[in-house]
Amino acid sequence: MAPRRGAAWGRKRSQDREVLSGIVYRLKTGCRWRDIPKVGGYAAGGTCHYRHDRWVREGLWDRLWQQILGKLWAAGKLDSSQGSLDGSQVQVKRGATAELGGTRVKAAP
């Protein structure tokens, strides 16, 4: 007898909530994916890594970030005067130059 369409042959699919909890745990602690605890409501590290990468490729994190910012802006809780910009947000190509406060600065080699 042939299996039903969509029938699982391997392990049961991890719940998105468990995967998200594992991803947040890793981001908070800085641990390796494989070091996410197997207890405490977290999915396996490999599963968290796979889904995180897939969600990045699908643009899920960007859409989520835009929704959060939109809701904060609409509620008047976003103060753009308190923002900051650093190198983790703006990429400077190697050997590029930029104007900063009237001083010409060359990127470090």
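Buried here means under 20% relative accessible area, and exposed means over 50%. By that cut-off, 14% of the 109 residues of the protein count as buried. The model is a predicted one.

Start with the overall layout. The protein has three helices and two strands. Read from the N terminus, the order of elements is α-α-α-β-β. Contacts give another view of the chain. Take those between residues at least 6 apart in sequence: 33% of them join residues at least 24 apart.

Helix H1 covers residues 16–29. How far apart should its ends lie? At 1.5 Å a residue, its 14 residues should span 20 Å, and the end C-alpha atoms are indeed 20 Å apart, so expectation and model agree. The buried residues of H1 are Val19, Gly22 and Ile23. Seen down the helix axis, they fall within an arc of 100 degrees, so they line one face of H1. What lies over that face? The cover of the buried residues includes helix H2 (45–57) and helix H3 (60–74). Turn H1 around and the picture changes. The face turned away from the buried side carries Arg17 and Lys28, both exposed. Just after H1 comes Gly30, with a positive phi of about 80 degrees.

Step back to the segment before H1, where Ser14 lies. Is Ser14 buried or exposed? Its relative accessible area is 18%, which is under the 20% limit, so Ser14 counts as buried. Its neighbours can be named. Leaving aside residues up to four places away in sequence, Ser14 touches Val19, Ala43, Thr47 and Arg51. Val19 is one of the buried residues of H1. Arg51 is among the buried residues of H2.

That leads to H2 itself. Its 13 residues should span 18 Å at 1.5 Å a residue; the end C-alpha atoms are 18 Å apart, which agrees. The buried residues of H2 are Gly45, Cys48, Arg51, His52 and Trp55. They cover an arc of only 130 degrees around the axis, which puts them on the same side of H2. H1 and H3 are among the elements that cover them. So what does the other face carry? There, turned away from the buried side, are the exposed residues Gly46 and Arg57. H2 is followed by Gly59, whose phi is positive, near 80 degrees.

Now look at H3. This helix has 15 residues, which should span 21 Å at 1.5 Å a residue; its end C-alpha atoms are 21 Å apart, in agreement. H3 helps to cover the buried residues of H1. It also helps to cover those of H2. One residue of H3 deserves a look: Trp73 lies in this helix. Its relative accessibility is 53%, so Trp73 counts as exposed. It still makes contacts along the chain. Not counting residues up to four places away in sequence, Trp73 touches Leu78 and Ser80. Just after H3, Gly76 takes a positive phi of about 70 degrees.

Finish with the largest pocket. About 210 Å³ of space lies in it. Which residues line this pocket? They are Arg11, Lys12, Arg13, Ser14, Ala44, Thr47, Tyr50, Arg51 and Arg54. By class, the lining has two nonpolar, two polar and five charged residues. Some of these names have come up before. Ser14, Thr47 and Arg51 are in the lining, and Ser14 touches both Thr47 and Arg51. Ser14 is buried at 18% relative accessible area, and Arg51 is a buried residue of H2.

Terms used
Residues are numbered from 1 along each chain as its sequence is written. This is a predicted model: local features need pLDDT of at least 70, side-chain atom pairs count only at pLDDT 80 or more; totals for chains, interfaces and linings use all residues. Side-chain values use heavy atoms; hydrogens and water are left out. On a 1 Å grid over the protein atoms alone, a cavity is a set of points where a 1.4 Å probe fits but cannot get out, and a pocket is an open set with protein on both sides within 12 Å along at least five of seven lines; lining residues have an atom within 4 Å of a point. Grid points are joined across faces, edges and corners, and a volume is the space filled by probe spheres set on the points. Ala, Val, Leu, Ile, Met, Phe, Trp, Tyr, Cys and Pro count as nonpolar, Asp, Glu, Lys and Arg as charged, and the others, Gly among them, as polar. Helices (H or I, at least four residues) and strands (E, at least two) are DSSP runs, numbered from the N terminus. The expected span of a helix is 1.5 Å times one less than its number of residues. Buried means under 20% relative accessible area, exposed over 50%, partly exposed in between (1.4 Å probe, protein chains only). The arc is that of the directions from the helix axis to the C-beta atoms. Contact means heavy atoms within 4.5 Å.
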